[in-house]
Amino acid sequence: MNPASVAGHVLELLMLADRGTGPVDRIVSGFLRERHYLGSRDRRAISDVLFGVIRHRRYLETLLEEFLRRQPSYAPIDAVSRRYVSLLVIYSSIHPGLFGEVPPPAADLRMIWTPYFPDLDPVPFVSWVASEKDLGFLREDPAVTLGVKYSFQDWMVSEWIARWPGETGELLAALNRPGSVSLRVNRLKTDRAACRERLAGEGIEAADVPFPDTALTVSTRFNQNASAAFKD
């Protein structure tokens, strides 16, 4: 699936998530299940970009709002439904999820931008984001700066700074990383080493974890319903 198609699905899901009242993962699951034409890689690409935008949303919105404060002529990129496009472009200019590289090729970027903002050049916007992505324009207290950088609530960051001074940034960064998949080995049927080998035979790379000794961790998602090792 090309980046424009992934972007279109992500934009639709962002609107559904904001308008919905249920958990986002359920909204995403129902959305993808209804679209039978999407393969497993397509679903993974859409999900990864969508949750990346959600995970970093405060950070993305802060960059957007500061840019608009300096460049009011770009106000159309903040229109109610088109704001999602702006957030996605910021995310894609910082993270490789949509285009596979950072910064993305200008032609790919325009593929997303131009249908919504044909009269505005995306280059000044993306260039500004690249120069200000470290949030040098913020002159707030540490809790606000860390809260924006990692998209957490200020009150939460303040509490963690009080508890773990000097380590809060590392904690926030760790919480923003997607979790790995953990598996419990059924020791009534096999042992961990044998299970790991069975999974490897299906192209699923698993690794031991120190504790508990019945657990394996998998760095990439896999279709558990299609895995004979998992079923067995």
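Is Arg110 buried, partly exposed or exposed? I looked it up in this predicted model: Arg110 has 35% relative accessibility, so I noted it as partly exposed.

**Entry 1: the partner of Arg110**

I followed the side chain of Arg110 and found a salt bridge to Asp121, at 3.3 Å from N to O. The pair links distant parts of the chain, since Arg110 is in helix 6 and Asp121 is in the loop between helix 6 and helix 7, eleven residues apart. I checked Asp121 too, and its relative accessible area is 35%, so Asp121 is also down as partly exposed.

**Entry 2: helix 6**

Next I went through helix 6 itself, residues 106-113. Which of its residues are buried? I wrote down Leu109, Ile112 and Trp113. Looking down the axis of helix 6, I see these buried residues within an arc of 95°, so they line one face of the helix. A reminder to myself: an α-helix has 3.6 residues a turn, so residues three or four places apart point the same way. What do the buried residues of helix 6 pack against? I found helix 1 (3-19), helix 5 (83-94) and helix 7 (122-132).

**Entry 3: more salt bridges**

How many salt bridges does the structure hold? The count is 17. I picked a few to look at.

Asp232 and Arg198 meet through their side chains, 3.0 Å from N to O. Asp232 sits in the segment after helix 12 (228-231) and Arg198 in helix 11 (192-201), so this pair ties together parts that are 34 residues apart in sequence. Asp232 is exposed at 52% relative accessible area, while Arg198 is partly exposed at 38%.

Then I tried Arg35, which forms a salt bridge with Glu34, with the closest N and O atoms 3.5 Å apart. Arg35 is buried, with a relative accessible area of 17%, but Glu34 is exposed, with 60%. Arg35 has another partner in my notes: its charged end sits over the ring of Phe31, 3.6 Å from the ring centre.

I also found a network of salt bridges that links Asp18, Arg57, Glu61, Glu65, Asp78 and Arg83.

**Entry 4: the largest core**

Which residues touch the most other members of the largest nonpolar core? Out of 47 residues, I got Leu63, Ile77 and Phe125. The elements giving two or more residues to this core are helix 1, helix 2 (24-34), helix 3, helix 4 (57-70), helix 5, helix 6, helix 7 and helix 8 (142-150). Helix 5 gives the most, with eight residues.

I zoomed in on Leu63. Not counting residues up to four places away in sequence, Leu63 touches Ile90, Ile94, Trp128, Val129, Glu132, Lys133, Leu135 and Phe137. Apart from this core I spotted another one, of ten residues, including Val185, Cys195, Leu199 and Ala206.

**Entry 5: two buried residues**

Glu132 caught my eye on the Leu63 list, so I went back for it. Glu132 is in helix 7. Why does Glu132 count as buried? Its relative accessibility is 17%, and buried means under 20%. Leaving out residues up to four places away in sequence, Glu132 touches Leu63, Arg70 and Phe137.

Ile46, in helix 3 (residues 40-55), counts as buried with 0% relative accessibility. Setting aside neighbours within four places in sequence, I listed its contacts as Met1, Val6, His9, Val10, Leu13, Leu32 and Leu38. I also took a distance to Leu11: Ile46 and Leu11 are 35 residues apart in sequence and 9.8 Å apart in space, C-alpha to C-alpha.

**Entry 6: rings**

How many aromatic pairs does the structure hold? I have nine in my notes. One of them is Phe67 with Phe125, an edge-to-face pair with 4.8 Å centre to centre and 65° between the planes. Phe67 lies in helix 4 and Phe125 in helix 7, so the pair ties together parts 58 residues apart in sequence. Phe67 is buried at 2% relative accessibility, and Phe125 is buried at 1%.

Then I looked at Tyr116 and Phe117, with ring centres 6.5 Å apart and planes at 50°, so that pair is tilted. Tyr116 is partly exposed at 31% relative accessible area, whereas Phe117 is buried at 3%.

Last thing I wrote down: Phe67, Tyr74, Trp113, Tyr116, Phe117, Phe125, Trp128 and Phe137 form one aromatic cluster.

Conventions: Residues are numbered from 1 along each chain as its sequence is written. This is a predicted model: local features need pLDDT of at least 70, side-chain atom pairs count only at pLDDT 80 or more; totals for chains, interfaces and linings use all residues. Side-chain values use heavy atoms; hydrogens and water are left out. Buried means under 20% relative accessible area, exposed over 50%, partly exposed in between (1.4 Å probe, protein chains only). Helices (H or I, at least four residues) and strands (E, at least two) are DSSP runs, numbered from the N terminus. The arc is that of the directions from the helix axis to the C-beta atoms. Contact means heavy atoms within 4.5 Å. A salt bridge is a side-chain nitrogen of Lys or Arg within 4 Å of a carboxyl oxygen of Asp or Glu. A nonpolar core is a set of buried Ala, Val, Leu, Ile, Met, Phe, Trp, Tyr and Cys residues joined through side-chain atoms within 4.5 Å. Rings of Phe, Tyr and Trp (its six-membered ring) pair if their centres lie within 6.5 Å; planes under 30 degrees apart count as stacked, over 60 as edge-to-face and the rest as tilted. A charge sits over a ring if NZ of Lys or CZ of Arg is within 6 Å of the ring centre and within 35 degrees of the ring normal.
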